[in-house]
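Here are some exercises to work through at your own pace. Try each task on the model before you read the solution beneath.

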Protein chains: 2
Amino acid sequence: MQSFTFHNPTRILFGRGQIAKISREIPAAARVMLTFGGGSIRQNGVYDQIQAALKGREVVEFGGIEPNPTFETLMKAVDKARQERVDFLLAAGGGSVVDGTKFIAAAVPFDGDPWDLCLRHTPPASALPLGAVLTLPATGSESNGYAVITRKSTLEKLSFGHPSLFPCFAVLDPEATFSLPPRQVANGVVDAFVHVMEQYLTYPAEAPLQDRLAESILQTLIEVGPRTLAEPQDYEARASLMWCANLALNGLIGAGVPQDWSTHALGHELTALHGIDHGRTLAILLPNLLWVQREGKRAKLLQFAERVWGLREGSEGVRVEGGIVRTREFFESLGVSTHLEDYNPDRDRAEEIVARLERRGVLPLGERKDLDAAKVREILLLCR
Amino acid sequence: MQSFTFHNPTRILFGRGQIAKISREIPAAARVMLTFGGGSIRQNGVYDQIQAALKGREVVEFGGIEPNPTFETLMKAVDKARQERVDFLLAAGGGSVVDGTKFIAAAVPFDGDPWDLCLRHTPPASALPLGAVLTLPATGSESNGYAVITRKSTLEKLSFGHPSLFPCFAVLDPEATFSLPPRQVANGVVDAFVHVMEQYLTYPAEAPLQDRLAESILQTLIEVGPRTLAEPQDYEARASLMWCANLALNGLIGAGVPQDWSTHALGHELTALHGIDHGRTLAILLPNLLWVQREGKRAKLLQFAERVWGLREGSEGVRVEGGIVRTREFFESLGVSTHLEDYNPDRDRAEEIVARLERRGVLPLGERKDLDAAKVREILLLCR
């Protein structure tokens with residue numbers, strides 16, 4: 001087991017009607033900015049519940065944060081927050097709204113060009129406190145310190161993170177997710193699954209508890225993913241999906257173990273260049289990345305095949321491939337195509353992706369730092 | 001899944017040499033009181049590492065906190081802390097030292113008789129901040145808000161808890177545990193195992209992820225418990241035990257599920273009246289309690305037998321009993337007797353225990369509140 005620091009200060013308020021409790025989580029004198037996306041919170045009752053909880057408070061609003069939140073949009077929110085002297089941010093939405101709100105939190109007091117938070121990973125000297133009301137179980141952003149921001153002008157999608165960006169609280173009410181489009185639910189299942197895989201499917205590190213915790217989330221996602229797609233208003237299935245997605249990226253399962261994150265690094269490029277949903281880029285990439293990286297990941301691929309998919313028969317090669325095939329089939333069973341061509345990309349941009357990764361100096365990727373330009377090309381070739 | 005609030009603000013510093021980091025976790029101007037037990041920290045190097053980390057700070061010391069820390073001893077520490085105007089407590093030891101230090105933290109600013117914290121569960125209006133350097137993986141006290149205190153004069157062992165009593169930080173260095181006596185290590189494995197069982201072995205609550213997380217800890221304890229007893233200086237085994245014991249009682253696996261805690265309630269009586277180690281009281285009680293409660297716990301006992309012990313053959317009755325027998329055998333394999341008579345209790349005190357529980361109004365116990373006086377007698381009768 002590697003040495004680690006684990007600290008997750010976010011207070012989780014989980015269950016029906018928990019939005020009502022946010023009033024005691026936000027300082028009474030705070031000037032709050034409520035941030036949200038395209039307005040679905042007005043249809044699903046979340047907006048009304050928040051208004052009821054914050055009755056009598058000073059609340060300004062900033063709507064229109066898009067999926068893959070953009071620097072361009074968020075800087076408008078930064079201007080508004082500065083003008084209105086906002087000192088608490090309340091994000092209501094999915095991972096994009098929460099990520100975007102983290103950027104606002106760090107950018108409002110930032111001295112200099114806030115894009116440096118993403119591009120140069122300049123640590124923020126301070127950040128506005130924020131809370132989250134989650135409406136889409138997927139990214140885990142509601143209780144971690146990370147965010148991914150897209151710059152439209154340069155088609156860059158970059159991540160940043162800081163301990164000051166953990167939300168103070170996160171409301172996880174499964175009922176707030178009942179009206180989600182199936183497409184977004186499926187994306188969320190894939191996203192949570194791949195978050196686990198980035199921290200689990202590496203090499204053995206004498207961390208048997210972390211391995212089992214990761215397998216627990218994978219097994220539960222396999223169990224409840226299809227069920228919650230079939231029955232969107234099944235509270236219990238949605239609750240388990242929501243808790244899985246949260247624990248997949250709250251820092252716990254990655255504490256003390258090697259981590260990969262190359263599927264995400266490549267996925268961000270597919271989103272930035274082709275506009276493909278984040279979860280879908282991961283579904284396209286993961287099976288092919290595991291295949292190309294199968295030698296370095298062999299021991300964990302065998303463990304994954306056996307413990308997660310119950311594959312105990314056949315040669316090691318058969319089981320390694322079997323686990324990857326089952327993973328692909330699982331994504332497809334959720335209605336998520338694992339083939340790039342199904343998303344009608346306008347052209348092959350493999351060389352452009354390699355060049356961009358090289359320019360940012362992030363290659364080689366992977367837990368062994370062995371995923372070089374040649375392997376990126378190989379993976380992208382398999383992604384057709 | 002039940003609704004829940006989960007909040008664990010303790011920063012975990014895990015691994016070799018992490019004690020050196022405590023200086024940045026404790027405010028520079030703090031007047032620190034270092035609390036410890038019988039002095040083992042002077043032999044195992046922990047004391048020296050703490051002194052090195054806090055060089056130049058004002059540190060007063062209070063040693064001699066006993067296993068099952070007593071109100072009588074702790075009140076001396078409270079007096080000293082008040083006299084010395086201490087404003088930060090640093091506990092170095094096992095669960096008893098950490099529990100005792102939580103009592104000191106709450107008692108120093110307490111207005112009234114501090115025993116009311118335990119007896120009447122009076123919430124503390126404030127508490128001194130505390131940190132912990134753990135030397136014995138067992139109770140999980142290093143990152144939760146609970147403590148158990150014994151009053152020698154009345155032979156009462158009572159628990160209390162408050163969110164203000166979470167340690168700010170906890171150092172978990174597996175090397176700090178290498179010199180533990182095997183008896184304490186075995187007790188720790190049993191304690192962690194039973195902490196999981198109190199939160200897992202109840203009734204199904206549509207919480208498949210929580211179930212699997214709990215089973216993950218149980219399986220890992222079964223795997224590393226004997227190994228770490230056989231090879232005390234095997235860093236990896238000790239590290240896994242330490243992380244298991246922490247996660248067994250940091251609030252995570254109990255979030256959203258019913259909880260029992262009757263094994264602990266009865267165990268505290270056996271310790272208070274017979275002076276038996278806490279872990280050993282649990283090993284004596286748990287198998288018999290599961291047997292007496294087997295109808296209400298049937299579904300989870302079957303799941304436990306299958307998933308934790310791999311028992312898939314035979315009738316339901318055979319598998320229920322098999323899981324309980326395996327659990328007893330596991331405790332015995334660690335050198336922990338599960339028979340009360342092996343601890344030479346001076347006399348049968350079953351009626352006294354029932355009377356004490358009734359006087360405190362805690363009966364009936366259990367996740368279904370069905371463990372009444374008659375069942376307590378039945379369990380204690382089986383504990384011979």
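**Exercise 1: A strand and its partners**

In chain B, β1(B) and strand β8 (residues 169-172) pair in the parallel sense over four bridges; strands pair if DSSP finds at least two bridges between them. Helices (H or I, at least four residues) and strands (E, at least two) are DSSP runs, numbered from the N terminus. The model is predicted: local features need pLDDT of at least 70, side-chain atom pairs count only at pLDDT 80 or more, and totals for chains, interfaces and linings use all residues. Residues are numbered from 1 along each chain as its sequence is written, while chains are lettered from A and ligands numbered from 1 in the order in which they are written.

Task: find the residue in β8(B) that stands opposite Ile12(B), then work out in which sense β1(A) and β1(B) pair.

Solution.
- Step 1. Opposite Ile12(B), in β8(B), stands Ala170(B).
- Step 2. Now cross to the other chain: strand β1 (residues 4-14) of chain A pairs with β1(B) in the antiparallel sense, over seven bridges.
- Step 3. Check this with bridge partners in β1(B): Phe4(A) has Phe14(B), and Ile12(A) has Phe6(B).

**Exercise 2: The whole sheet**

Task: list the order of the strands in the open sheet and name its edge strands.

Solution.
- Step 1. Twelve strands, with mixed pairing, run in the order β3(A)-β2(A)-β4(A)-β5(A)-β8(A)-β1(A)-β1(B)-β8(B)-β5(B)-β4(B)-β2(B)-β3(B).
- Step 2. The edge strands are β3 (59-62) of chain A and β3 (59-62) of chain B, each of which pairs on one side only.
- Step 3. From one strand to the next, the twist averages 25°.
- Step 4. At the chain A edge, strand β2 (residues 32-36) and β3(A) pair in the parallel sense over four bridges, and Val32(A) stands opposite Val59(A).

**Exercise 3: The contact between chains**

Task: how many residues does each chain bring to the contact, and which element of chain B gives the most?

Solution.
- Step 1. Chain A and chain B bring 31 residues each; residues are in contact if their C-beta atoms, placed from the backbone, lie within 7 Å.
- Step 2. On the side of chain B that touches chain A, β1 (4-14), α7 (208-230) and α8 (235-248) of chain B each supply at least two residues.
- Step 3. β1(B) gives the most to that side, with ten residues.

**Exercise 4: Two helix pairs**

Task: is the crossing of α7(A) and α8(A) left-handed or right-handed? Ask the same of α13(A) and α14(A).

Solution.
- Step 1. The axes of α7 (residues 208-230) and α8 (residues 235-248) of chain A come within 9 Å and cross at roughly 140°. Axes are lines fitted to C-alpha atoms, for helices over the stretch in contact, and angles run from 0 to 180 degrees between N-to-C directions.
- Step 2. This crossing of α7(A) and α8(A) is left-handed, meaning that the near helix is turned anticlockwise from the far one by less than a right angle; clockwise is right-handed.
- Step 3. For α13 (residues 350-359) and α14 (residues 373-382) of chain A, the axes come within 10 Å and cross at roughly 145°. The crossing of α13(A) and α14(A) is right-handed.

Technical notes. Two residues are in contact if their C-beta atoms, placed from the backbone, lie within 7 Å.
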